[in-house]
Amino acid sequence: MTTTHHPMIIGGEEIEADSRLEITDPSTGEVVATTPSGTARHIDLAVESARKSFDGGDWSRATPAQRADVMSAIADKVGERLDELVELELMANGATIRQATGFHIGYVAPHVEFFADLARRFEFERPAARSTFPVLGQSSIRREPIGVVGAIAPWNFPLLLGLWKMAPALAVGNSVVIKPDEKTPLSTLEFARIALECGLPPGVLNVVTGVGTDAGAALAAHPGVGKIGFTGSTAVGKEVMRLAADNVKAVTLELGGKSPAIVLDDADLETTVDGVLYGCMLYSGQICESMTRILVPETRHDEFVERLVARAGTIQLGETRDWETDLGPVISARQQARILDYIASGKDEGAQCVLGGGVPEGDRYQDGYWVEPTIFTGVSNDMKIAREEIFGPVMSVISYGSEREALEIANDTTYGLASSVWSTDNGRALEVAEKIQAGSVWINDAHQINANVPFGGYKQSGLGRELGANALDPYVEEKSIHLDLSGRLDARPYDVLLSHADD
Ligand code: NAD
């Protein structure tokens, strides 16, 4: 098998490192590409380039319309090169071609355009609030780019989730250093090349490929970086926060989840079964907002499970480039072993495995990292499979008595990223939605992440929000400027310091 090599992009140049990282196709386990193994030294170089470009002003002091036009050109070019970007994504992250085309890469151009549109309308100057005491002068508020922004992205939607940080940061004039996950950096590297072709000045967007504990940690701790946008696991998010604290860096954290789906007793079971399978099994459950705890009323439990298992049995695993395939592999051998351990723990703790539970049979699944769609019933919310994020195709069905009990179970988690409610009564579903402690609630739907509404988590699912009308706010500093118009020192309450009694 021939492999391709993909250098880092720093200061608009292709940069190499002393050693290389191997990129593996998870459906076969074969090495398909390499990248440089960037280190803290490359982060220093990238931050220096980013700072130089920021101070140079070609981007940071361009008009909002100029920046937005470059971003629109990038969106157009991403659209033209969709197939190539899809192929780069497929090489490394195990998504199916349907999913990569429609979601992973298909969403990139509309998201870039969304941020370009926000940039055109962003208020870089704002009036001060109405004062309740006399102000003898004029106050205004300027919103300025922070400077150098760091982005750390996970492997599951590498370009899209990186973009949720890069694009708002760039839209308001920052320069960016991004460290993609070491397993899936290819689409992000290509995106940076496209951005350069479309007129983004060199040094404004830098991509350092490297492992998290070296390059990632160096970026989170770097004193020259003013803000970190991070998506990944809760454990690493906490570490990033600790590293950023040393120089009081702002952080936005999008972390893990253990999302509940509350099926109410009036739900239409045919659509609900399809919906929760989509919510849980899409991309083999490797999505932060995956619906992994399905709460079903005791009165409809058996009927629900019968339909669920029958429908789940039709999910097609297979070649990721085949348009008929529903599910591909999981990301790595390590992740496969971890998922199989969780499945074993579910069995040990007394849950019933009613579908799947292992590696699929057949030669094609013995290489690469495959796990069958797996469904447990008889799960109680204190079992490990109900409490910890598995990040695999594993669903837990938990039965409940009253609606109140369903809500208690739904909220009994350290996470709070997403959730769903399934019902034929919209009013009732909305009442339940109000009581769920999660950043997103989807009624009769799942995975509805739309750029026009904020996305992020309650509790240990994160800090801050991405997307939505205010998506650019975390990437600016606010500066208030006061201009004295009275010309008289004694017009101010200086007597708290200097007495004017003799005047
Ligand atoms: P991860 O936390 O292992 O890695 C995320 C990124 O952090 C990678 O780029 C990695 O190299 C880097 N990293 C690792 N150690 C680091 C360190 N010490 N300092 C700095 N950076 C470091 O997560 P993952 O396995 O790539 O992704 C899966 C996790 O991401 C899941 O928990 C999932 O729920 C979460 N996720 C959350 C969202 C969301 O929007 N909330 C979206 C996707 C994934």
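This is a short talk on the ligand and the residues around it.

A caution to begin with: the model is predicted.

Let me start with location. The ligand sits in the largest pocket. Three elements give two or more residues each to the shell around the ligand: helix 8 (212-221), strand 11 (227-231) and helix 9 (234-245). On the domain level, domain 1 (4-255 + 457-480) supplies at least three residues to that shell, and domain 2 (259-443) likewise supplies at least three.

Next, composition. There are 28 residues around the ligand. Sorted by class, 15 are nonpolar, 7 are polar and 6 are charged. Which of the 28 residues come nearest? Those are Ala153, Glu182, Ser233, Leu255 and Glu389.

Now the polar contacts, taking two of those residues and then Trp155. At Ala153 the partner is a polar backbone atom, 2.7 Å from an oxygen atom of the ligand. At Ser233 the side chain is involved: one of its N or O atoms is 2.6 Å from an oxygen atom of the ligand. Trp155 also uses its side chain, with an N or O atom 2.9 Å from a ligand oxygen atom.

Last, how much of the ligand does the protein bury? Taken alone, the ligand exposes 850 Å², and the protein buries 90% of that area.

That is the ligand site.

Notes
Residues are numbered from 1 along each chain as its sequence is written. This is a predicted model: local features need pLDDT of at least 70, side-chain atom pairs count only at pLDDT 80 or more; totals for chains, interfaces and linings use all residues. Side-chain values use heavy atoms; hydrogens and water are left out. A residue is near a molecule or strand if one of its heavy atoms lies within 4 Å of it. A polar contact is a pair of N or O atoms within 3.5 Å; within protein, one must be able to donate a hydrogen and the other to accept it, and residues adjacent in sequence count only if both atoms are side-chain atoms. Accessible areas come from the Shrake-Rupley method with a 1.4 Å probe; for residues, only the protein chains shown count as cover. On a 1 Å grid over the protein atoms alone, a cavity is a set of points where a 1.4 Å probe fits but cannot get out, and a pocket is an open set with protein on both sides within 12 Å along at least five of seven lines; lining residues have an atom within 4 Å of a point. A molecule sits in a cavity or pocket if more than half of its atoms lie within 2 Å of its grid points. Helices (H or I, at least four residues) and strands (E, at least two) are DSSP runs, numbered from the N terminus. Ala, Val, Leu, Ile, Met, Phe, Trp, Tyr, Cys and Pro count as nonpolar, Asp, Glu, Lys and Arg as charged, and the others, Gly among them, as polar. Domain bounds come from an automatic or database domain assignment.
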